[in-house]
Amino acid sequence: TSLVWEYAVGTGTVTFAASSFGIPGKYSIYLCDNDGYDVLDTLSVTILHSENDRTAYGAKAATVSATMDKGWSQTSATIVPGSDKALTYELYWSTGGKRLEGYSPIATVTHTGCDSFTVDLNDCLFMPDQADGIEVFVVQGSSTPCYASAPDILKVPESQYLFEFQVISDTHISSSSPLNSAHWITALQDMAALSPNSSAIFCVGDNTDLGTQAEYDLLLKNIEEAGVELPPMYYAIGGHDVYTNAYDQEIERFLENLKMESVYYCVDIHGIRFIVLGSDSKVPEGELGTEQLNWLREQLAETDKSKPVFIFHHQPLKETVSGTLYSSDPEIQDWFGLLNSGDELREILSEYPNAIMFSGHTHWAFEMKQPLLYGQGKDATFVNTAAVSYLWSDDDTAVDGSEGYYVEVYEDYILLKGREYTNGDWCAAAQFRIPLNNVDNPITDGSQTTSEPT
């Protein structure tokens with residue numbers, strides 16, 4: 001359902017008043033073909049403040065603090081409000097007292113009152129090379145931004161680059177959802193442009209919406225329409241890929257169309273093991289049978305624990321990443337999977353702190369709570385991959401956008417870089433450095449104090 005629409009006939013310009021969008025925030029504009037819903041182009045815009053509110057609600061001051069424990073960063077920002085009103089504060093990376101372009105907010109929080117408050121940023125967050133601090137921006141009014149310097153320990157240290165790959169999920173290709181195909185094509189073009197030397201792309205399930213042959217035909221046609229050279233692509237199976245017919249029939253169609261040898265398999269890339277898992281039954285929450293779990297134990301036993309091992313499964317484990325935090329929000333965060341075998345899988349992975357498991361299924365956007373659960377060298381690390389097709393929020397509402405990960409492997413750490421494909425921004429809330437076991441940096445405190453608004 002659109003908020004506002006206009007017809008564009010031939011060539012020309014269509015103008016929308018900022019007031020027609022309603023409250024300040026991020027919006028998407030779609031150019032559709034011939035009075036229908038075939039998307040020709042998209043544009044993302046941000047309404048910073050209403051046209052009539054010129055009040056400066058900006059923060060008075062801000063402080064950024066960070067600690068580093070063997071490569072594991074923990075960061076927070078303390079903000080002194082400039083007003084007692086209920087306001088939305090956005091935090092961005094900055095450089096030289098200006099917002100760093102090409103990044104979405106690191107965090108968005110609502111606060112009421114004049115008392116200072118602290119925002120805890122995501123664990124393992126790293127600061128882009130070009131950045132030197134954080135901008136605190138108040139969405140309401142014509143507010144002056146406030147800037148604070150950030151500790152240099154958040155910068156990524158030098159390490160030998162090894163290779164890179166990408167991880168996406170939940171493309172949900174269907175003829176009834178042309179926007180999903182548009183997002184899929186855009187994501188492929190983005191990956192080809194930014195990572196021409198990529199070693200692989202891993203697609204973590206729900207590749208189609210109903211698992212029909214027509215949808216697989218469309219998915220493969222979309223790859224051709226992207227018109228780019230792509231690295232090898234590896235697919236995991238999702239609940240929607242086995243939605244329509246008998247499980248065995250759906251599995252056969254999945255394997256035949258996507259040229260996969262099995263629902264679960266492994267590949268070694270540059271000496272690193274990649275393990276793809278897949279549900280052994282049609283139940284929506286997924287289920288791994290004894291045979292597959294025993295196979296997983298064998299594959300992990302062959303790996304070198306000083307090196308990372310990457311694991312992919314469509315449904316996440318409960319109480320790990322966004323959308324699965326049932327104990328904190330049982331009414332909304334109930335999209336966890338693997339109810340029948342999740343505990344056993346968790347127990348297996350707990351013996352491999354070098355394991356990083358990517359999952360999809362929830363569609364939770366990177367900007368929501370806990371996109372990553374870091375194992376702290378004692379457990380596996382769990383990563384939510386968001387979705388290419390459409391996104392979801394902690395408020396149980398849809399979010400505009402299309403997101404996935406660029407992954408860079410270095411000798412001492414892994415860099416996960418969340419990407420929003422439709423507007424070409426890096427997702428600042430999902431820029432993570434995962435230290436490897438051979439990293440042994442002492443705990444350091446990088447507290448920094450602030451700046452006044454400029």
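The following paragraphs lead through the cores, the aromatic pairs, one helix and one distant residue pair of this structure.

The structure is a predicted model, in which local features need pLDDT of at least 70 and side-chain atom pairs count only at pLDDT 80 or more, whereas totals for chains, interfaces and linings use all residues. Residues are numbered from 1 along each chain as its sequence is written, and side-chain values use heavy atoms, with hydrogens and water left out.

A suitable starting point is the nonpolar core, defined as a set of buried Ala, Val, Leu, Ile, Met, Phe, Trp, Tyr and Cys residues joined through side-chain atoms within 4.5 Å. Here, buried means under 20% relative accessible area, exposed means over 50%, and partly exposed lies in between (1.4 Å probe, protein chains only). The largest nonpolar core holds 98 residues, and Trp93 and Phe165 touch the most other members. Strand 24 (residues 425-435) supplies the largest share of this core, six residues; strands (E, at least two residues) and helices (H or I, at least four) are DSSP runs numbered from the N terminus. Leu277, Leu300, Leu345 and Met357 are among the 21 residues of a second, separate core. In soluble globular proteins, nonpolar side chains tend to be buried together.

The aromatic rings come next. Rings of Phe, Tyr and Trp (its six-membered ring) pair if their centres lie within 6.5 Å; planes under 30 degrees apart count as stacked, over 60 as edge-to-face and the rest as tilted. The whole structure contains 21 aromatic pairs by this search. In one of them, Phe163 and Phe274 have ring centres 6.3 Å apart and planes at 55°, so this pair is tilted. Because Phe163 belongs to strand 11 (residues 161-168) and Phe274 to strand 15 (residues 272-276), the pair ties together parts that are 111 residues apart in sequence. Phe163 is buried at a relative accessible area of 2%, and Phe274 is buried at 0%.

Another tilted pair is formed by Phe366 and Tyr405, with ring centres 4.5 Å apart and planes at 45°. Phe366 lies in the loop between strand 17 (355-359) and strand 18 (372-373) and Tyr405 in strand 22 (residues 403-410), so parts that are 39 residues apart in sequence are tied together. Phe366 is buried, with 0% relative accessibility, and Tyr405 is buried with a relative accessible area of 0%. Ring pairs link these residues into a cluster whose members include Phe163, Phe274, Phe366, Tyr405, Phe165 and Tyr234.

Helix 2 (residues 213-226) offers a view of a single element. The expected span of a helix is 1.5 Å times one less than its number of residues; for the 14 residues of helix 2 this gives 20 Å, which agrees with the 20 Å between its end C-alpha atoms. Its buried residues are Glu215, Tyr216, Leu219, Asn222, Ile223 and Ala226. These residues cover an arc of only 115° around the axis, which puts them on the same side of helix 2; the arc is that of the directions from the helix axis to the C-beta atoms. The face turned away from this buried side carries the exposed residues Ala214 and Glu224. The buried residues of helix 2 pack against helix 1 (178-194), strand 13 (233-236) and helix 3 (247-258), where contact means heavy atoms within 4.5 Å. Just after helix 2, Gly227 takes a positive phi of about 65°.

Finally, Thr13 lies in the segment before strand 1 (25-32) and is exposed, with a relative accessible area of 72%. Thr13 and Thr320 are 307 residues apart in sequence, and their C-alpha atoms are 47 Å apart in space.
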